[in-house]
Amino acid sequence: MDKILITGGAGFIGSHVARQLLASGSRVVILDNLDPFYDVRIKRRNLQALQATAPSGAFEFVEGDIRDAEACQAALRDATAVLHIAALAGVRPSIQDPVRYMDVNVTGTQTLLEALRRLPGPVPFVFASSSSVYGGSDKLPFRESDPVDRPVSPYAASKKAGEVVCAAFHHLWASPVTCLRFFTVYGPGQRPEMAIHKFSRAIVRGEPLPFFGDGTTRRDYTYVDDVVAGVVSALQRADGYRIYNLGGSHTTSLTELVQKLEKAFGKAAVLDRRPEQPGDVKQTYADVQLAERELGFRPRVGMDEGIERFARWYLAERAAGNVA
């Protein structure tokens, strides 16, 4: 039976992947330091749900930091694959604390890879990167072969650096490494500070919604189930050094997003109009042809359906007292 380590597995994407892997018969170990970037109770609920549904002996949680070599070594014991999601997330917060972002996202990745190197044989390593590495490129859609040497935020720079660290590791030790560039993942369980969750909360509570710029910025939103399918495929097909986009391959403007949320919740948004933010880009848009050819990846949940699913989840969780 496979034993897969997921760093950051108590969070949004990691817990979804863990659930899928457990359902398919894999054993899962989660290494997470439960960083209070957002409410730790959410992460603990994710862990409790995984523990409650996992077959006996199939799930283990290790509380620890990816910058701690001993914690990494303990979590990696007997692992047959690694999904490295643990990171400090967010473009805007990274501008306020760039040193910490580099420490966690780059040094942490290198520390984990060094622990991986000490295992007796090569273990596939899947690194969660980000569409932010494309910076402010106006060449659309974004392809994996595009230059990514001009990040516009410390977060983006840390993810690009993580890819470079992974490439050097593969070159030196020939261990299979796959970097997955996620494009604005959303769905049930999304982090509370992310736009769709934050906007939903404001609309439902009748509070002002922070609306940056003129509403024409566009994002390639990707439903979490589609990302999970791409991640699982990458874990199964690890070979050499690969980079793939995992995106919805469709863009939605900020104005359109708010309109979709208004429709889903049946309430009008109160817009708190603000200037554009440093580090934000005009548009993200994934070319997923490579992932489709080599991973069988294909986004299946469109924005209208995805937003409806999210709204149902949010209202149910709010009624249960689990979200604000």
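Here are some notes on the packing in this predicted model, covering its cores, a strand pair, a polar contact and the aromatic rings.

1. Let's start with the nonpolar cores. The largest one has 70 residues, and the members touching the most others are Ile6, Leu180, Phe182 and Val231. If you want to know which element gives the most to this core, look at helix α8 (residues 224-236), with seven residues. Another core, of 31 residues, lies apart from it, and Leu5, Val29, Ile66 and Leu112 are among its members. As background, nonpolar side chains in soluble globular proteins tend to be buried together.

2. Leu180 is a handy place to centre your view. Once neighbours within four places in sequence are set aside, its contacts include the run Val126, Phe127, Ala128, Ser129 and Ser130. Val231 and Ala234 are on the list too, as are Tyr244, Leu246 and Leu295. Note that Val231 turns up twice here: as a contact of Leu180 and among the core members that touch the most others.

3. Next, strand β8 (residues 208-212). Four of its five residues are buried, so the rest of the structure largely encloses this strand. Its partner is strand β13 (residues 270-274): the two run parallel and are joined by five bridges. For a landmark within the pair, find Leu209, which stands opposite Leu271 of β13.

4. Thr109 deserves a look. This residue lies in helix α5 (residues 98-117) and has a relative accessible area of 1%, under the 20% cut-off, so Thr109 counts as buried. What does its side chain do with its polar atom? One partner is the backbone oxygen of Asn105, 2.7 Å from a polar atom of the Thr109 side chain. Another is the side chain of His84, in a polar contact of 2.9 Å. Beyond four places in sequence, Thr109 touches Ile66, His84, Val104, Phe127, Val165 and Cys166.

5. Seen from the other end of that contact, His84 belongs to strand β4 (residues 81-84) and is buried as well, with a relative accessible area of 1%. Its contacts, again leaving out residues up to four places away, take in Thr7, Ile66, Thr109 and Leu112, plus Phe125, Val126, Phe127 and Ala128. Ile66 and Phe127 are therefore worth displaying alongside the pair, since each appears in the contacts of Thr109 and of His84.

6. On to the aromatics, where a search of the whole structure gives eight pairs. Tyr134 and Phe142 have ring centres 4.6 Å apart and planes at 25 degrees, so this pair is stacked. Both residues, Tyr134 and Phe142, are buried. Tyr134 also pairs with Phe183, and here the centres are 6.2 Å apart and the planes at 40 degrees, so the pair is tilted. That second pair links distant parts of the chain, 49 residues apart: Tyr134 is in the loop between β5 (125-130) and α6 (154-173), while Phe183 is in the loop between β6 (177-182) and β7 (185-186). Relative accessible area is 3% for Tyr134 and 0% for Phe183.

7. Last, a ring cluster and two charges over rings. Phe265, Phe310, Trp313 and Tyr314 are linked into a cluster by ring pairs. Arg92 has its charged end over the ring of Phe212, 4.1 Å from the ring centre. Arg117 does likewise with Trp173, its charged end sitting over the ring at 4.6 Å from the centre.

How values were computed
Residues numbered from 1 in each chain as written. Predicted model: local features only at pLDDT ≥ 70, side-chain atom pairs only at ≥ 80, totals over all residues. Heavy atoms only, no water. Core = buried A, V, L, I, M, F, W, Y, C linked by side-chain atoms within 4.5 Å. Buried < 20%, exposed > 50% of the residue type's maximum accessible area, 1.4 Å probe, protein only. Contact = heavy atoms within 4.5 Å. Pairing = 2+ DSSP bridges. Polar contact = N/O pair within 3.5 Å; in protein donor to acceptor, adjacent residues only side chain to side chain. Phe/Tyr/Trp six-rings, centres within 6.5 Å; stacked < 30°, edge-to-face > 60°. Lys NZ or Arg CZ within 6 Å of the ring centre and 35° of its normal.
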